[in-house]
Amino acid sequence: MDDDGKISLSNYIEVFSSRDILDTRGFGRGFPYGSLIHNILWIAIHLPLTTIVGLFLAVLLRGVKGGGIVKSVIFLGMVMPMIVGGIMIRFMFEENVGVVNLVLHILGLETKTWTAYPETALFALIFGSVWLWTGFSMILYSAGLETIPSTYYEAAQIDGASKAKMLFKITIPLLKPITVVVLTMTLLWELKVFDIVYIATMGGPGGSSNVLALQMYLYGFREWDFGKSAVVAVLIAGSTLLAAIPMMKSAGDEAE
Amino acid sequence: MKRTRRETLVKTVVAWIVALIWILPLMGVVMTALRPFSEVIDGWWKLEPFNATLSNFSGALNHRTAALYKGMINSLMIAIPATIAPLLLATLAGYGISRYGFPLRKTFILTVVLTLALPQQMIAIPIFRIMSNLGLVDTFFGLILLHTAWGIPWITFFMRNYFKTLPADMEEAARIDGAGDFGIFFRVVLPNAFPAIASASALQFTWVWSDFFLALILIYSPEKLLATQRIPLMRGVYHVDWGLLSAASLLVMIVPVLIYVLLQRYYVRGMVGWTIK
């Protein structure tokens with residue numbers, strides 16, 4: 001809506017053509033690409049990594065002595081407030097004091113404050129958030145593994161199936177409903193990611209780690225332009241509702 | 001037999017290496033918080049010299065512009081009512097939709113699920129406008145109201161899923177004995193619902209305590225800021241005092257971590273339950 005009350009799409013046009021959301025210059029020059037592309041990158045890296053590592057850890061830690069303790073340690077990332085998680089991500093990537101740089105130094109690789117450079121800031125946040133979030137898929141998969149009867153594996157063993165075959169033919173197919181939940185919830189989180197970016201980089205340097213939720217906040221509550229902010233909010237909500245369709249479907253079927 | 005034993009050994013070693021990798025960043029924060037900043041300036045893993053001190057913690061709690069102890073009290077004043085209120089309302093609602101048929105029941109359930117997917121960003125501007133019309137911006141009451149409203153859909157859904165697994169026999173028996181709907185709910189259902197209520201309370205409290213976005217939008221007076229809001233203010237302008245920030249991070253995270261440790265069974269079951277059923 002305009003100030004004089006007429007309905008118009010000018011806010012939408014203004015936002016979608018702005019470089020904050022989509023910066024095509026990025027493809028020739030590097031970061032920033034605009035917050036929409038940054039969210040897509042986040043999904044492309046974070047979604048497969050957390051899901052696969054979570055499943056791997058759930059399978060690995062099943063039946064290992066002290067596995068419960070290891071799980072609790074990994075799950076701590078999900079327990080702490082995300083604003084604290086953001087501080088920890090910033091800290092681990094910091095030059096001189098960050099543990100990531102210690103490891104890189106030992107390996108003889110380059111060390112720097114990874115969150116402070118346009119080319120690496122977003123990737124540092126994404127990999128840091130993998131550290132925070134993997135506990136989620138791990139816990140869900142662990143619970144799912146408990147529901148698979150061990151007789152299935154015993155039968156497969158008698159048939160001479162290999163471990164890998166059992167994983168792909170028994171474990172993964174039977175965990176499919178959980179995979180749907182893990183993918184949905186992770187996707188929703190990636191589309192809404194805010195606290196981590198706010199505290200660690202504030203979208204910087206130069207917008208190179210900006211994301212949609214932060215852009216929405218900056219438009220609305222720093223520039224006090226509710227129109228532009230609402231457009232970004234609609235974009236986020238539209239994506240999350242799309243992502244939630246599988247969850248809605250199963251809830252609808254069940255409510256019959 | 002020998003092969004399986006070697007396999008278990010390999011698995012255990014890999015598991016502990018993974019745990020070590022995962023805990024390193026956390027160890028860094030603990031070590032940095034416990035020592036003077038001058039000792040950790042070249043990395044917290046250098047253990048010489050090592051003088052343990054609590055000065056970072058007292059520095060964070062009594063910070064000149066963003067005293068954390070005040071923030072933690074404020075956060076408690078929000079999180080306790082914002083856990084109790086939605087639990088009372090949503091437990092009743094969840095019981096209702098699990099046991100009684102009523103028109104548009106499916107639509108109602110789908111609406112609840114829809115709100116689960118709705119991002120907080122979507123409601124930020126309308127909520128800010130409503131709250132400022134009501135004069136509730138920058139008040140604890142406004143934020144408690146918002147968290148209550150935000151918590152009701154998921155707790156309703158969660159409790160409904162739990163009640164569906166409870167057999168209705170006892171309730172029917174009570175009904176034959178002449179108990180009314182509310183009598184049945186409070187005397188028969190509620191005592192059996194304790195595990196679900198514990199799970200939902202643990203999660204709702206943790207989420208409200210950890211919330212940053214909604215607080216950021218509604219609360220801005222310096223003395224009213226919540227614990228999570230005070231952390232960004234502790235970052236210096238010219239240099240970052242990691243000792244202070246680490247101590248503040250630990251203090252803010254200790255509350256949800258304690259809940260997790262004490263109520264671990266309910267916490268994990270809640271996390272798994274409200275997504276998987």
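How many residues of domain 1 of chain B are in contact with residues of domain 2 of chain B? I will start there and then move to the contact between the chains. Keep in mind that this is a predicted model.

The answer is 7 residues of domain 1, and they touch 7 residues of domain 2. On the domain 1 side, the elements that give two or more residues are H1 and helix H2 (37–40) of chain B. H1(B) has the largest share of that side, with 4 residues. By residue class, the domain 1 side divides into 6 nonpolar, 1 polar and no charged. As for the bounds, the assignment for chain B puts domain 1 at 2–53 and domain 2 at 69–276. Their C-alpha centres are 34 Å apart.

Next, the contact between the chains. Here 52 residues of chain B are in contact with 54 residues of chain A. Several helices of chain B each supply at least two residues to the side that touches chain A, among them helix H6 (105–117), helix H11 (194–210) and helix H14 (242–262). H1(B) gives the most to that side, 13 residues. The residues there divide into 41 nonpolar, 8 polar and 3 charged. So H1(B) has come up twice: it gives the most to the side of chain B that touches chain A, and it has the largest share of the side of domain 1 that touches domain 2.

Now the confidence figures. For the complex, the predictor gives an ipTM of 0.87 and a pTM of 0.89. Chain B has a mean pLDDT of 86, with 96% of its residues at 70 or more. Among the elements of chain B, helix H4 (residues 68–79) has the highest mean pLDDT, 93, and helix H15 (residues 264–276) the lowest, 75. H15 of chain B is also one of the helices that supply at least two residues to the side touching chain A.

Last, two backbone angles. Most residues other than glycine have a negative phi. A:Trp224 has a positive one, near 55°. A:Trp224 sits in the loop between helix H12 (212–221) and helix H13 (226–243) of chain A. Is A:Trp224 buried or exposed? Exposed, because only 8 other C-beta atoms lie within 10 Å, and the cut-off for exposed is 12 or fewer.

The other case is B:Asp138, with a positive phi of about 65°. B:Asp138 is in the loop between helix H7 (120–134) and helix H8 (140–165) of chain B. B:Asp138 has 14 C-beta neighbours inside 10 Å, so it counts as partly exposed.

Methods: Residues are numbered from 1 along each chain as its sequence is written. Chains are lettered from A and ligands numbered from 1 in the order in which they are written. This is a predicted model: local features need pLDDT of at least 70, side-chain atom pairs count only at pLDDT 80 or more; totals for chains, interfaces and linings use all residues. A residue is buried if 20 or more other C-beta atoms lie within 10 Å of its own, exposed if 12 or fewer, and partly exposed in between; C-beta atoms are placed from the backbone. pLDDT is the predictor's confidence in each residue, from 0 to 100. Two residues are in contact if their C-beta atoms, placed from the backbone, lie within 7 Å. Ala, Val, Leu, Ile, Met, Phe, Trp, Tyr, Cys and Pro count as nonpolar, Asp, Glu, Lys and Arg as charged, and the others, Gly among them, as polar. Domain bounds come from an automatic or database domain assignment.
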